[in-house]
Each structure stands twice: as C-alpha cells, then as structure tokens.
Amino acid sequence: MIATADRVLRQLRHDPRTIAMIVVVPCVLLTLLWWIYDGGPVFQRIGPALLALFPVVIMFLITSITTLRERRSGTLERLLTMPLGKVSFLLGYALAFGIVAVVQAVLASLLMLGPLDLAVAGPWPALVLVAVLDSLLAVALGLFVSAFASSEFQAVQFMPAIVLPQFLLSGLLVPRDELPRALEYVSDVLPLSYAVDAMNEVSRETSPDLLLPLAVLVGFIVAVVLLGAATLRRRTP
C-alpha cells in the first residue's frame, strides 16, 4: 500500500499540469465567485457550500482518470500478480490522492477564511476538517467509478451522472427542506448533502453539531472504497 502511494505521488510530482488542476483551479473558481458577488451577502451565504462542492469535481476527475490509465496500461494487472490485494491497491491510491486532497482542502479553506474573508461563526478547524473529508469522498468516488469506465471520456461522462445530481440536490440552489418530498428523500441519501449541511452548520453556529454529517461522510468514504475494491477489474479491455 505504501509503495503504491509513493509511486503515485512521484508520478504526480512530475506532472505540473495535474498539480495545478488539483491545487490552483478550485482556488481560482472560488476567487471568481467572490469577485462576481463582490464578497457580499450572496457569497457569504453560498461560500461554504462552494467550498464543499468545487474540490469534489476536480478530485473526482483526476482520481478516476489516473486510476483508469493504470488499468489501461496494464500496470494494475502487473501489480496484482504480486502479493497485493485489490483493497491494498485502492488504499494505496486513496492514500496518495488523499494527501493531495488534504493539501487542496487546506489551501482552499485558508483562501476562503483569509483573503476572501468568509464569515464563519464556528471554529475554523471544523471548516477545514469538513473540506478535507469532502475531498477524500471525491477520491473514493473517483476510484469507484474508474472500475466501470473503459476510456478517459467515459470517466468524464460519469461526472454529470454522479456529481451533478448531488450538486443540484445539496441545498445550494434550494434549501433541502423546501425541495419536493421525493427529491428531499433522494437528497437525504447523497453524501454531498451532508458535506454542505456541515459547512453551513460551521458557518452559522458557534458550537456546530457535526456528529451526524461527519459520520455519514466517513461511512460513505469507507463503503465506496470497499465497493471499488469489490468491482475492480485487473485490466480494462
């Protein structure tokens, strides 16, 4: 597992475009939204949700495409001929991309709390923690989706199927309790809804109650990684 994580990190270190996509793009997008709303009440209202949503898109795409390339190149097939199980393989990838996701989440959070002056009533470490778990969720989803895609284009196609509905039902556009009843039920089983709920709780409450949303996020991360291991094929045709 450690060897796999080290190999992935060394590959990323020599890929400045991917590093820029992971670290710089979410910060640029958040800054653009701040500029559009001039840092006013609208940005203060949606800022926490955006911090939960933007990094997910980037980490989902990077993780799913990179893992898919490993399978298409035969790297996965060679690795699994060694005493390395599927769970260990995915945990190695999750560890590598998880480290990158932590860096991404911390930088985006510091940007929001610092230069963009996002008002947060609760403790700022809680905001960073939710952002980190949110990015780790994106990594887990990307690893899972890579098992079902046969090309990079198909991996990208999974984004509107998996991420976009969660974006629409997360409470950013319409509060979840104001959604039609059927959509509210769907929203209740989507992990990003709990990430947005946690972000909003931290931004509004001085003593936020994060036990349920954090437990749901951690549960989804573990479950999706295990499902990814169960469905992972050695090689993509």
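## Salt bridges, pockets and a nonpolar patch

Searching the whole structure turns up three salt bridges. Keep in mind that this is a predicted model. Beyond the salt bridges, there are two pockets to look at, the largest with a volume of about 370 Å³ and the second largest with about 260 Å³ of space. There's also a nonpolar surface patch of about 400 Å².

**Salt bridges**

- Side chains of opposite charge can pair up when their charged atoms come close.
- R176 meets D188 in a salt bridge, at 2.8 Å from N to O. That pair ties together distant parts of the chain, with R176 in the loop between helix 7 (152–169) and helix 8 (181–187) and D188 in the loop between helix 8 and helix 9, twelve residues apart.
- R176 also meets D197 in a salt bridge, this time at 2.5 Å from N to O. Here the partner D197 sits in helix 9, and the two residues are 21 apart along the chain.
- Put together, R176, D188 and D197 form a network of salt bridges.
- R176 counts as buried because its relative accessibility is 14%, under the 20% cut-off. D188, at 30%, is partly exposed, and so is D197, at 28%.
- R181 and E184 make a salt bridge at 3.9 Å, N to O. Both lie in helix 8, three residues apart, or about one turn of the helix. With 55% relative accessibility, R181 counts as exposed.

**The largest pocket**

- This pocket is lined by 20 residues, and the closest to its centre are V196, D197, N200, E201 and R204.
- Helix 3 (41–72), helix 9 (191–204) and helix 10 (211–231) each give two or more residues to the lining. Helix 9 gives the most, with seven.
- By class, the lining has ten nonpolar, three polar and seven charged residues.

**The second largest pocket**

- Of the 14 residues lining the second largest pocket, D15, T18, I62, T66 and R69 are the closest to its centre.
- Two or more lining residues come from each of helix 1 (2–13), helix 2 (16–36) and helix 3. Helix 3 has the largest share, at six residues.
- The lining splits into seven nonpolar, three polar and four charged residues.

**The nonpolar patch**

- The patch is made by I2, L95, I99, V103 and L107.
- Helix 5 (residues 86–113) gives the most to the patch, with four residues.
- I99 lies in helix 5, and its 41% relative accessibility makes I99 partly exposed.

How values were computed:
Residues are numbered from 1 along each chain as its sequence is written. This is a predicted model: local features need pLDDT of at least 70, side-chain atom pairs count only at pLDDT 80 or more; totals for chains, interfaces and linings use all residues. Side-chain values use heavy atoms; hydrogens and water are left out. Patches are made of residues with over 30% relative accessible area and no salt bridge: like charges are joined within 9 Å, nonpolar side chains (Val, Leu, Ile, Met, Phe, Trp, Tyr) within 5 Å. Accessible areas come from the Shrake-Rupley method with a 1.4 Å probe; for residues, only the protein chains shown count as cover. A salt bridge is a side-chain nitrogen of Lys or Arg within 4 Å of a carboxyl oxygen of Asp or Glu. Buried means under 20% relative accessible area, exposed over 50%, partly exposed in between (1.4 Å probe, protein chains only). On a 1 Å grid over the protein atoms alone, a cavity is a set of points where a 1.4 Å probe fits but cannot get out, and a pocket is an open set with protein on both sides within 12 Å along at least five of seven lines; lining residues have an atom within 4 Å of a point. Grid points are joined across faces, edges and corners, and a volume is the space filled by probe spheres set on the points. Ala, Val, Leu, Ile, Met, Phe, Trp, Tyr, Cys and Pro count as nonpolar, Asp, Glu, Lys and Arg as charged, and the others, Gly among them, as polar.
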